[in-house]
Amino acid sequence: MCKLKPLLNKWLEETDSSTGSPTNLDKIAAQGRKRKKRTSIEVGVKGALENHFLKCPKPSAHEITSLADSLQLEKEVVRVWFCNRRQKEKRMTSPLPVATEARCRCRRCPLGARRGLPGFASLRGCALCTAVFPAPFPAGF
């Protein structure tokens, strides 16, 4: 507490002396939300990152550091690029998500097809239902 007291006193003096003008308040608020500008990655650098991703989608910290040095990028930029690229890969390769609360209108869809997708709005049955259970539907459905 003894070490904090001079700092707190200084802060109180600065706060008391400030008039509360918008410029001072803006400066104080801006200190808390500093963000780095978005990094644009050149085509050649992106190609090198893609090639490395194909070889190793989850590089170690040492590999990220050496790759960042060779491409003249910040380590954090390369790390985030790999994280984003893995998520993109996951999105591209994942199957159609199953929606439990939004089934097709036929209410017979065992796969839980999502509304709004082409071929899923028929009252007779959606594209998945008719593919799995061709009309007429089996007894009990």
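**Close-up views of a six-helix chain**

Buried residues (under 20% relative accessible area, 1.4 Å probe, protein chains only) make up 18% of the 141 residues in the chain. This is a predicted model, in which local features need pLDDT of at least 70, side-chain atom pairs count only at pLDDT 80 or more, and totals for chains, interfaces and linings use all residues. Residues are numbered from 1 along each chain as its sequence is written, and side-chain values use heavy atoms, with hydrogens and water left out.

**View 1. The whole chain is built from helices and has 0 strands**. The chain holds 6 helices, in the order α-α-α-α-α-α along the sequence. Helices (H or I, at least four residues) and strands (E, at least two) are DSSP runs, numbered from the N terminus. Contacts are heavy atoms within 4.5 Å. Among contacts between residues at least 6 apart in sequence, 27% join residues at least 24 apart. The chain exposes about 11,500 Å², by the Shrake-Rupley method with a 1.4 Å probe; for residues, only the protein chains shown count as cover. Carbon and sulfur atoms supply 57% of that area.

**View 2. Helix α1 lies largely in the open**. Helix α1 covers residues 4-17. Of its 14 residues, the number buried is 0. Its end C-alpha atoms are 20 Å apart, which agrees with the 20 Å expected at 1.5 Å a residue. That expected span is 1.5 Å times one less than the number of residues.

**View 3. L4, L7 and L8 form a nonpolar surface patch**. Together they have about 290 Å² of accessible area. Patch residues have over 30% relative accessible area and no salt bridge; nonpolar side chains (Val, Leu, Ile, Met, Phe, Trp, Tyr) are joined within 5 Å, like charges within 9 Å. A salt bridge is a side-chain nitrogen of Lys or Arg within 4 Å of a carboxyl oxygen of Asp or Glu. L8 lies in helix α1. At 42% relative accessibility, L8 counts as partly exposed, the class between buried and exposed (over 50%).

**View 4. Helix α4 has a buried side and a face turned away from it**. In α4 (residues 61-71), I64, L67, A68 and L71 are buried. They fall within an arc of 100 degrees, so they line one face of the helix. The arc is that of the directions from the helix axis to the C-beta atoms. Their cover includes α3 (43-55) and α5 (75-93). Exposed H62, D69 and S70 sit on the face turned away.

**View 5. Q72 follows α4 with a positive phi**. Phi of Q72 is near 55 degrees, in a residue other than glycine. Q72 lies in the loop between α4 and α5. Its relative accessible area is 73%, so Q72 is exposed.
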